[in-house]
Amino acid sequence: MGEPQQVSALPPPPMQYIKEYTDENVRKGLAPKPPPPIRDSYMMFGNHFQCDDIIIRPLESQGIERLHPMQFDHKRELKKLNMSILVNFLDLLDILIKSPGSIKREEKMEDLKLLFVHMHHLINEYRPHQARETLRVMMEVQKRQRLETAERFQKHLERVVEMIQGCLASLPDDLPQPNSSSVGEAGGAGSAGASRLKAEPMDVDVTGASCMVAQTDKNVPCKKDKVWDQDAAMCSIIDEMT
């Protein structure tokens, strides 16, 4: 029979899990599923815990004598514990100098241990407050980042609008109004943009004469239609940007 494998109280190294979550395993559904929620009890770092245990257990449940009352001021008690630890440490040094083998040395070490346990317990009672404050600070940072991003976006938007307005202002005011046939060739979006242009209509005889010349050869397109198509396409692009 093989030797029994020793089970470590510590969790296995993360590479054991990372190797299982490759892109191929995830795509094929072979990656390990998350563990189910624990219902009753569990073991962590070699100690048994119950799921319904209080996060910060009282001192009495751990078999530790309470040195402070049930209703107290945390800040005041922490200051008192700090001062008591300092005084007991000086007493311990005095005992080690005068009588190192005295039984009072063990008693003073137990007193210091109890004081440190109480200080650690009072500090742990501030953990929920610390978690709330940490979450509040994180939310404030996220809010500030979003506001800064929105402000930068608004500035870029204003610059783009100014550029578009400058381009529109630089266009000549005597652009011809395209007819329905040329607008239909440029597209529906171009017709909506071209119809909003404020241009005076050209003389029908002039446009008709230019197109009549072009109609002598059907293979040669009318030059004026090309200009109207370009204007309608440009107007449609500007409308989409605005």
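The chain's secondary structure comes to nine helices and two strands; helices (H or I, at least four residues) and strands (E, at least two) are DSSP runs, numbered from the N terminus. This is a predicted model: local features need pLDDT of at least 70, side-chain atom pairs count only at pLDDT 80 or more, and totals for chains, interfaces and linings use all residues. Residues are numbered from 1 along each chain as its sequence is written, and side-chain values use heavy atoms, with hydrogens and water left out.

**Exercise 1. Give the order of helices and strands along the sequence.**

Solution. Read along the sequence, the pattern is α-α-β-β-α-α-α-α-α-α-α.

**Exercise 2. Describe how β1 and β2 pair.**

Solution.
- Take the ranges: β1 covers residues 41–44 and β2 covers residues 47–50.
- Assign the sense: the two strands pair antiparallel, over four bridges. Pairing requires that DSSP finds at least two bridges between two strands.
- Pick out a facing pair: tyrosine 42 stands opposite phenylalanine 49 in β2.
- Inspect the turn: β1 and β2 form a hairpin with two residues between them. Phenylalanine 45, in the turn, has a positive phi of about 55 degrees.

**Exercise 3. Classify arginine 39 and asparagine 88 as buried or exposed.**

Solution.
- Set the cut-offs: buried means under 20% relative accessible area, exposed over 50%, partly exposed in between (1.4 Å probe, protein chains only).
- Place arginine 39: this residue lies in the loop between α2 (23–28) and β1. Arginine 39 is exposed because its relative accessible area is 67%. Its C-alpha atom is separated by 8.7 Å from that of glutamine 50, eleven residues apart along the chain.
- Place asparagine 88: this residue is found in helix α3. Asparagine 88 is buried because its relative accessible area is 13%.
- List what asparagine 88 touches: Lys108, Asp111, Leu112 and Leu115, not counting residues up to four places away in sequence. Contact means heavy atoms within 4.5 Å.

**Exercise 4. Find the largest nonpolar core and the helices that supply it.**

Solution.
- Apply the criterion: a nonpolar core is a set of buried Ala, Val, Leu, Ile, Met, Phe, Trp, Tyr and Cys residues joined through side-chain atoms within 4.5 Å.
- Name the members: the largest core has nine residues, Phe72, Leu78, Leu81, Ile85, Leu92, Leu112, Leu115, Met119 and Leu122.
- Assign helices: α3 (74–98) and α4 (104–124) each supply at least two residues of this core.
- Examine phenylalanine 72: leaving aside neighbours within four places in sequence, this residue is in contact with Arg66, Glu77, Leu122 and Glu125.
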